[in-house]
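Q: Please take a close look at one part of this model and walk me through it slowly, as I am in my first year.

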Amino acid sequence: MAHRWKNDLTRDDVTPRALWLNRRQLIAGVGAGAALSLTRQARAQDLTPNSLEQISSYNNYYEFGVDKGDPARNAGGLVTSPWTIRVDGMVDRPGDYALADLLSGLATEERIYRFRCVEAWSAVIPWNGVELADVLNKVGVGSGARYVAFETTVQPDVMPGVRSRVIPFPYVEGLRLDEAMHPLTLLATGVWGQPMPNQNGAPIRLVVPWKYGFKSIKSIVRITLTDRQPPTTWNRLNSREYGFYSNVNPEVDHPRWSQASERQIGGGLFARRQPTLMFNGYGDQVAHLYDGMDLRENY
Ligand SMILES: Nc1nc2c(c(=O)[nH]1)N[C@H]1C(S)=C(S)[C@@H](COP(=O)(O)O)O[C@H]1N2
Ligand SMILES: [Mo]
């Protein structure tokens, strides 16, 4: 049986590089017709993308409940329009931005990324979105900024998990500035060319493909540039199990389970376990960010 994951991707095989080139062409006016199709991206990486149905029916979004099916069942009432994002902290142009204004003029892209959750499930997801770096450059990163903090909306009326306080809300996450500025890091507004389903974090959520899923904060209403490492929800709840960095690392086990393998959602009961790849397969592009760091200590 053919393996879904390929360990021997070369730099030229991987999607983002091709897309950077493609993006330059778009900027140069070659036009969307030249865009690398999702099918070709998937083929180049030997990946089988999950269906929209699979991607939107097995979720973690604790504001809507702790079971994987709860977000799909309960997120229908999330109010996503109008949507305002507060941009504050060490930033040149702080303010409350209407979502459309914040994104206007930025290049929208389609990218197929591997997704890896700490509980050993994985997915392959065609995201639509913009590079976070483009948004940060638009608002102007202040000279002292070293981290980016994110916050999710809190809508108690429509969020049963918030009312029952399953964990403290708002959900918060953070990245080091160089991680945030990396071209793989997206603010995603859709999947499979459709608007982001509520349960996946409508209208806009973070996607950091070399980190565990919980770094991908959903339904973002605040972005703060700061000189201090910001608190993150899972690290706050259990710092022994969830670190700030949360890079996918098959060699560092979660205290209660192995992280060495994974199963792609939608594969059924007998889905084959795949070996988990360091940095979720994105090592060529991101390993240099962590040169000299002990990735066991900085988990
Ligand atoms: N606001 C918020 N964002 C969140 C979560 C959450 O509970 N609340 N769960 C995280 C976890 S644990 C995972 S695995 C991913 C799941 O993203 P998906 O449902 O789109 O697959 O969302 C992350 N973002
Ligand atoms: Mo997760």
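A: A good place to begin is Pro170, which is found in the loop between α7 (160–163) and β6 (172–176). The model is a predicted one, and in it the peptide bond that leads from Phe169 into Pro170 is cis, with an omega angle near 5°. The loop between α7 and β6 also holds Arg165, a residue that has a positive phi of about 50° although it is not a glycine. A cis bond can be found elsewhere too, since the peptide bond from Ser81 to Pro82 is cis, with omega near 0°, and Pro82 is likewise placed in a loop, the one between α4 (70–74) and β1 (84–89).

From these loops we can turn to the pockets and to the ligand. The largest pocket has a volume of about 460 Å³, and ligand 1 sits in this pocket. Its lining is made up of 30 residues, of which Asn60, Tyr61, Cys117, Gly213 and Phe214 lie nearest the centre of the pocket. If you sort the lining of the largest pocket by residue type, you find 19 nonpolar, 6 polar and 5 charged residues. Strand β4 (residues 121–131) gives the largest share of this lining, namely 4 residues.

Within the largest pocket, where ligand 1 sits, it helps to look at the residues around the ligand itself. There are 17 residues around ligand 1, and Asn59, Tyr62, Glu63, Ser216 and Lys218 are the ones that come nearest. This shell divides into 8 nonpolar, 6 polar and 3 charged residues.

Three side chains can be followed atom by atom to the ligand. In the side chain of Glu63, an N or O atom is 2.8 Å from a nitrogen atom of ligand 1. For Arg205, a polar side-chain atom lies 2.9 Å from an oxygen atom of ligand 1, while the side chain of Lys218 has an N or O atom that is 2.6 Å from an oxygen atom of the ligand. As for how much of the ligand is covered, ligand 1 on its own has 530 Å² of accessible area, and the protein covers 98% of it.

To complete the picture, you can set the second largest pocket beside the one just described. About 210 Å³ of space lies in the second largest pocket, and 18 residues line it, with Tyr212, Glu241, Val252, Asp253 and Tyr299 lying nearest its centre. The lining of the second largest pocket divides into 8 nonpolar, 7 polar and 3 charged residues.

Methods: Residues are numbered from 1 along each chain as its sequence is written. Chains are lettered from A and ligands numbered from 1 in the order in which they are written. This is a predicted model: local features need pLDDT of at least 70, side-chain atom pairs count only at pLDDT 80 or more; totals for chains, interfaces and linings use all residues. Side-chain values use heavy atoms; hydrogens and water are left out. A residue is near a molecule or strand if one of its heavy atoms lies within 4 Å of it. A polar contact is a pair of N or O atoms within 3.5 Å; within protein, one must be able to donate a hydrogen and the other to accept it, and residues adjacent in sequence count only if both atoms are side-chain atoms. Accessible areas come from the Shrake-Rupley method with a 1.4 Å probe; for residues, only the protein chains shown count as cover. On a 1 Å grid over the protein atoms alone, a cavity is a set of points where a 1.4 Å probe fits but cannot get out, and a pocket is an open set with protein on both sides within 12 Å along at least five of seven lines; lining residues have an atom within 4 Å of a point. A molecule sits in a cavity or pocket if more than half of its atoms lie within 2 Å of its grid points. Ala, Val, Leu, Ile, Met, Phe, Trp, Tyr, Cys and Pro count as nonpolar, Asp, Glu, Lys and Arg as charged, and the others, Gly among them, as polar. Grid points are joined across faces, edges and corners, and a volume is the space filled by probe spheres set on the points. Helices (H or I, at least four residues) and strands (E, at least two) are DSSP runs, numbered from the N terminus.
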